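Take a look at the model below. Find the helices and strands before reading on.

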Amino acid sequence: MKNIMLIAPPAAGKGTQSDLISKKYKIPHISIGDIFRDISKEDTEIGIYIREILSSGKLVKDEITYEVVKERLAKEDCQNGFVIDGFPRNIEQAIHYDEILKSIGQEIGYVISLDIDREILEKRIIGRRICEDCGAIFNINDSENAPTQESVCDNCGGRLYQRSDDNIEAFNTRYQTYLDKTEPIIKHYQEIGVLKHVNGIGSIEEVFQRIENIVGDEK
Ligand SMILES: [Zn+2]
């Protein structure tokens, strides 16, 4: 069973790595945000509630989140493992998550902390450029990923723009939230003895290789 949770600061590539793990080991990538978006399209009581919450920018109540997570993880396709993403967001949720897993006969599995220096993330965020036509993502601070011309898309010739929240102030806020909410989760899983550290510096392939070294040999 490969139950995997990645913990990482903003812009560390958590979503990308979660996708790679999901593809390689043929286990579902459980993104709580995506599940909420799907439910919000239903005309059920919970669908209407989540639709309202999402459109107002508020957070879904914990009790509802727990129910949704439990229902999803109990499904057949999660029986050989899954990568959970976007949950738990704080220590209270982590403790509930452990209880949910126990109640459905699942193990915590691997909790992997992607370690990466704040300065690197800062450069990554500030250098990010997105094509307004095809959505391709480039980075002017990363030679492997830089567009040939600073504001032109290499794929389609479209104009590259910077997302409004890809600035230093927004990054600092997100990073501080990460430290406040996520550090206790890391400590919690360290105490339980399931935490692994992975060096998050390097290319997507290099980082994925390090993750594979940890989860790869397990049946
Ligand atoms: Zn483009």
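Start with two helices in this predicted model. Helix α6 covers residues 118-127, and helix α7 covers residues 168-192. They pack at an angle of about 135°, and their axes are 10 Å apart. Angles over 145 degrees would count as roughly antiparallel, and 65 to 115 as roughly perpendicular; the rest, outside the roughly parallel range under 35, are oblique. That makes α6 oblique to α7. The crossing of α6 past α7 is right-handed.

Which residues make this contact? From α6 come Arg118, Glu122, Ile125 and Ile126. From α7 come Ile168, Phe171 and Tyr175. Sorted by class, the contact has 5 nonpolar residues, 2 charged ones and no polar ones.

Now turn to a small sheet.

Its 3 strands lie in the order β6-β5-β7. The sheet is open, and its pairing is antiparallel. β6 and β7 are at the edges with a single partner strand each, so one side of each has no neighbour in the sheet. Strands of a sheet pair through backbone hydrogen bonds.

Strand β5 spans residues 128-131. Its covered face holds Arg129 and Cys131. Its uncovered face holds Arg128 and Ile130. Ile130 has partners in two strands: Ile137 stands opposite it in β6, and Tyr161 is its bridge partner in β7. Cys131 is bridged to Leu160 of β7.

What links β5 and β6 along the chain? They form a hairpin with 5 residues between them. Gly135 sits in the turn and has a positive phi of about 80°.

Another strand, β3, takes in residues 81-85. Is β3 enclosed or open to the outside? A residue counts as buried if 20 or more other C-beta atoms lie within 10 Å of its own. In β3, 5 of the 5 residues are buried, so the strand is largely enclosed by the rest of the structure. Gly81, Val83 and Asp85 point one way. Phe82 and Ile84 point the other way.

Two strands run parallel to β3: β1, residues 2-7, and β2, residues 29-31. Lys2 stands opposite Gly81 of β3, while His29 stands opposite Val83.

The table sets out the strand pairs.

| Strand pair | Bridges | Direction |
|---|---|---|
| β5 and β6 | 3 bridges | antiparallel |
| β5 and β7 | 2 bridges | antiparallel |
| β1 and β3 | 4 bridges | parallel |
| β2 and β3 | 3 bridges | parallel |

Conventions: Residues numbered from 1 in each chain as written. Predicted model: local features only at pLDDT ≥ 70, side-chain atom pairs only at ≥ 80, totals over all residues. Axes fitted to C-alpha atoms, helices over the stretch in contact; angles between N-to-C directions. Left-handed = near helix turned anticlockwise from the far one by under 90°. Contact = placed C-beta atoms within 7 Å. Nonpolar A, V, L, I, M, F, W, Y, C, P; charged D, E, K, R; others polar. Buried ≥ 20, exposed ≤ 12 C-beta atoms within 10 Å, placed from the backbone. Pairing = 2+ DSSP bridges.
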